[in-house]
There are 2 protein chains.
Amino acid sequence: MAEPLPSPLSLPKSQYRQIADLLRARIETGHYEKDDPLPSEPELAAELGVSRVTINKAISLLRIEGLVRVRRGAGTYVRSTPRITRDARYRYAVVPGGTHASELEGRALGLTPRAECTEVGEVGAPPDVAAAFGIDQGDPVVVRRRRLYADEEPTRLADTYLPWDVADDTELLDSDVGSGAIYSDLADHGHGPVRFAEDITVRIASDEEARALDLEDGQAVIHIKHVAWDATDRAVEVALHVMPAHLWRLHYDWDVFGPDEEDDE
Amino acid sequence: MAEPLPSPLSLPKSQYRQIADLLRARIETGHYEKDDPLPSEPELAAELGVSRVTINKAISLLRIEGLVRVRRGAGTYVRSTPRITRDARYRYAVVPGGTHASELEGRALGLTPRAECTEVGEVGAPPDVAAAFGIDQGDPVVVRRRRLYADEEPTRLADTYLPWDVADDTELLDSDVGSGAIYSDLADHGHGPVRFAEDITVRIASDEEARALDLEDGQAVIHIKHVAWDATDRAVEVALHVMPAHLWRLHYDWDVFGPDEEDDE
DNA sequence: AAGTGGTCTAGACCACTGT
DNA sequence: CAGTGGTCTAGACCACTTT
């Protein structure tokens, strides 16, 4: 090896990073095809003349990037992961008798959405939810927990909370009402949402999240805290979403109200 | 060691993960104080009776979480990282003669913001920008690149692009106009923005980004593509933001236009 | 049974930081 | 200079999947 690639700022890259770059390039050029396994670690170690640990470290970089997934005992596979776009405003638009705007995401990609309801019932309010509803942590609220898929790949965990009395009026408890019929339902009972807010944070998946979303160790997830208020300015719904970061693109758009009325000095 | 912690779903955690949990707990309880160094890897290895590699692997988990930072040759330090909230709508509100709404973020935390302009001038439009402006990739646009800090910590890279003819009218080129005076400036020249859109993706920091933002290897960044349109529906500004994911919380809120006017069956 | 990745060790050398 | 983390190796054992 003549020169170790004299990168711009004196960066003699470590072997495992160079190998990660190499494997990444092979994936992106289609040398390794999606859903196909990479060569085994011993094979790569032999091919590239390094120890298996070095290969393993290189692959762990690709794992947190979401480029590959590992199946224990079976092999390391190239992930096929186009991003899904989530348009917040469109998603939660109130379309009176219309389609449930919720699960259009991914349809453009030819993926078939599926929802799996893991729990419906009354629980103690977690901190975030209690704060939004203006109640105490642990006070009873109604929750519906779901796991959503696109083509057998889990794409999202969604926990929807309603205040106890509001839930009483709706059909949240009755069925696993497909997708986002909740808003029509709320509207029908005088709690139609007129204002939304979302807070977005990014963090590393917890162990349970990694298991539920089929994620690798150390992968990032997007956490969205979604709150809906009715016309009386009462919070009537909180949804907590946990989504694999590499799978999504979030979209927001808004208009500017004319030059803010007052405040002109 | 009696039982290896019989966690709910038969999860005999690896040593390095248990050690990561331990160190994380020690950080969160203040056993290791912020801005202080952790014990050295050999010390931890001795204390916990494992090899240094295992300690190193545990710490690498804390690094991608943004809990600690490593200073080469010096030690591993606890990060003091409260999240900064970015309110998109408020940020870009048009306040005619008022304060530059841009850099209020973090003020609540007692951090002093600072901006450093790294480049101002004409460049070829990158793909994202070209698409928004409706021009060809590589066509000339004007860019201002900045790195923003809070209390000496880099918090954001912000590249602001303007179409060539629009830039001609503004003072973008003239100075490192503190923060977000661009919008007043655009408004003064008939290009006041009336609509905004933002696309958010999360990915692993590139090498350059990691260097510029003082990030660890494998840390996630939030990428925001921000577009502003004027009253003629022409895109007049594109900003690309790259932000360390562990440092931020993004906030969006919006009102629902009354039950969509028509469309009622 | 053979192959896969997961993990761990002991030891080594390096570049870098501080004093 | 001694101390730090960064990296790499060879070898080992394990749990798991596939055949």
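A polar contact is a pair of N or O atoms within 3.5 Å. The exercises below apply this to a predicted model.

**Exercise 1.** Find how far a polar side-chain atom of S40(A) lies from a phosphate oxygen of DNA strand C, and decide whether the pair fits the definition.

*Solution.* Step 1: the distance is 3.3 Å. Step 2: the cut-off is 3.5 Å, so the pair is a polar contact. Step 3: Y16(B) also places a polar side-chain atom by a phosphate oxygen of strand C, at 3.1 Å. Step 4: G73(A) uses a backbone N or O atom instead, 2.9 Å from a base nitrogen of strand C. Step 5: among the elements giving two or more residues to this surface are α2 (41-48) of chain A and α1 (15-28) of chain B.

**Exercise 2.** State which parts of DNA strand C supply its atoms within 4 Å of the protein.

*Solution.* Step 1: sugar or phosphate accounts for 73% of these atoms. Step 2: the rest belong to bases. Step 3: on the protein side, the residues of the surface are seven nonpolar, ten polar and seven charged.

**Exercise 3.** Determine which residues of α2(A) are buried and how they are arranged around the helix axis.

*Solution.* Step 1: E41(A), L44(A) and A45(A) are buried. Step 2: viewed down the axis, the buried residues fall within an arc of 105°, so they line one face of the helix. Step 3: an α-helix has 3.6 residues a turn, so residues three or four places apart point the same way. Step 4: P42(A) and A46(A), on the other side of α2(A), are exposed. Step 5: the cover over the buried residues includes α1 (15-28) and α3 of chain A.

Key
Residues numbered from 1 in each chain as written. Chains lettered and ligands numbered in written order. Predicted model: local features only at pLDDT ≥ 70, side-chain atom pairs only at ≥ 80, totals over all residues. Heavy atoms only, no water. Near = heavy atom within 4 Å. Polar contact = N/O pair within 3.5 Å; in protein donor to acceptor, adjacent residues only side chain to side chain. Helix = DSSP H or I, 4+ residues; strand = E, 2+ residues; numbered from the N terminus. Nonpolar A, V, L, I, M, F, W, Y, C, P; charged D, E, K, R; others polar. Buried < 20%, exposed > 50% of the residue type's maximum accessible area, 1.4 Å probe, protein only. Arc of directions from axis to C-beta. Contact = heavy atoms within 4.5 Å.
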